[in-house]
Amino acid sequence: MTQNTTARLLTDKANLGASRLQDEAMADAAQGEVLLALETFALTTNNITYAAFGDAMNYWSFFPTDEEGGGICRCGDLPR
């Protein structure tokens, strides 16, 4: 069986221009669930606004990370 992976967009909260993708393993789909592959994803000005006001709006707590000073920035995606 192949290992399923996902990627997270990690952003340095002190330097929003410093972001990177981090691969991580994910569980297989359970009974009644389905896994979709992403074909494309997009970052918009909305993502940047959330990042810029992340602490004030409590945005960073929606997708916690264990990286000191880092946050996960969600992207629009199109599964296939």
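This passage describes strand pairing, the largest pocket, aromatic contacts and salt bridges in a predicted model.

The N-terminal part of the model contains two paired strands, strand 1 (residues 5-12) and strand 2 (residues 15-25). These two strands run antiparallel and are joined by 8 bridges. Together they form a hairpin, with 2 residues between strand 1 and strand 2. Within this pairing, Thr 6 stands opposite Glu 24 of strand 2. Both residues recur below: Thr 6 in the lining of the largest pocket, and Glu 24 in a salt bridge with Arg 8.

The largest pocket has a volume of about 520 Å³. Its lining comprises 19 residues, of which Thr 6, Ala 7, Arg 8, Leu 38 and Arg 74 are the closest to the centre of the pocket. Strand 1 gives the most to this lining, contributing 5 residues. Strand 3 (38-42), like strand 1, supplies at least two residues of the lining. By residue class, the lining divides into 13 nonpolar, 3 polar and 3 charged residues.

Two salt bridges were found in the structure, and both involve strand 2. The first to be considered links Arg 8 to Glu 24, with the closest N and O atoms 3.2 Å apart. Because Arg 8 lies in strand 1 and Glu 24 in strand 2, this pair ties together parts that are 16 residues apart in sequence. Arg 8 has a relative accessibility of 16% and therefore counts as buried, whereas Glu 24 is partly exposed, with a relative accessible area of 30%. Arg 8 thus takes part in a salt bridge and is also one of the residues closest to the centre of the largest pocket.

In the other salt bridge, the side chains of Arg 20 and Glu 67 meet at an N to O distance of 2.7 Å. Arg 20 belongs to strand 2, while Glu 67 is located in the loop between helix 1 (45-52) and strand 4 (70-72), so the contact ties together parts that are 47 residues apart in sequence. Both partners are partly exposed: Arg 20 has a relative accessible area of 42%, and Glu 67 has a relative accessibility of 27%.

A search of the whole structure finds 4 aromatic pairs. In one of these, the ring centres of Tyr 59 and Trp 60 lie 5.4 Å apart and the planes meet at 65 degrees; since an angle over 60 degrees counts as edge-to-face, the pair is assigned to that class. Tyr 59 also pairs with Phe 62, with ring centres 6.0 Å apart and planes at 80 degrees, so this pair is likewise edge-to-face.

The residues of these two pairs vary in their exposure. Tyr 59 and Trp 60 are both buried, and the relative accessible area of Tyr 59 is 6%. Phe 62, by contrast, counts as exposed, because its relative accessibility of 53% lies over the 50% limit. The edge-to-face pair of Tyr 59 and Phe 62 therefore joins a buried residue to an exposed one. Ring pairs link Tyr 59, Trp 60 and Phe 62, together with Tyr 50 and Phe 63, into a cluster.

Notes:
Residues are numbered from 1 along each chain as its sequence is written. This is a predicted model: local features need pLDDT of at least 70, side-chain atom pairs count only at pLDDT 80 or more; totals for chains, interfaces and linings use all residues. Side-chain values use heavy atoms; hydrogens and water are left out. Two strands pair if DSSP finds at least two bridges between them. Helices (H or I, at least four residues) and strands (E, at least two) are DSSP runs, numbered from the N terminus. On a 1 Å grid over the protein atoms alone, a cavity is a set of points where a 1.4 Å probe fits but cannot get out, and a pocket is an open set with protein on both sides within 12 Å along at least five of seven lines; lining residues have an atom within 4 Å of a point. Grid points are joined across faces, edges and corners, and a volume is the space filled by probe spheres set on the points. Ala, Val, Leu, Ile, Met, Phe, Trp, Tyr, Cys and Pro count as nonpolar, Asp, Glu, Lys and Arg as charged, and the others, Gly among them, as polar. Rings of Phe, Tyr and Trp (its six-membered ring) pair if their centres lie within 6.5 Å; planes under 30 degrees apart count as stacked, over 60 as edge-to-face and the rest as tilted. Buried means under 20% relative accessible area, exposed over 50%, partly exposed in between (1.4 Å probe, protein chains only). A salt bridge is a side-chain nitrogen of Lys or Arg within 4 Å of a carboxyl oxygen of Asp or Glu.
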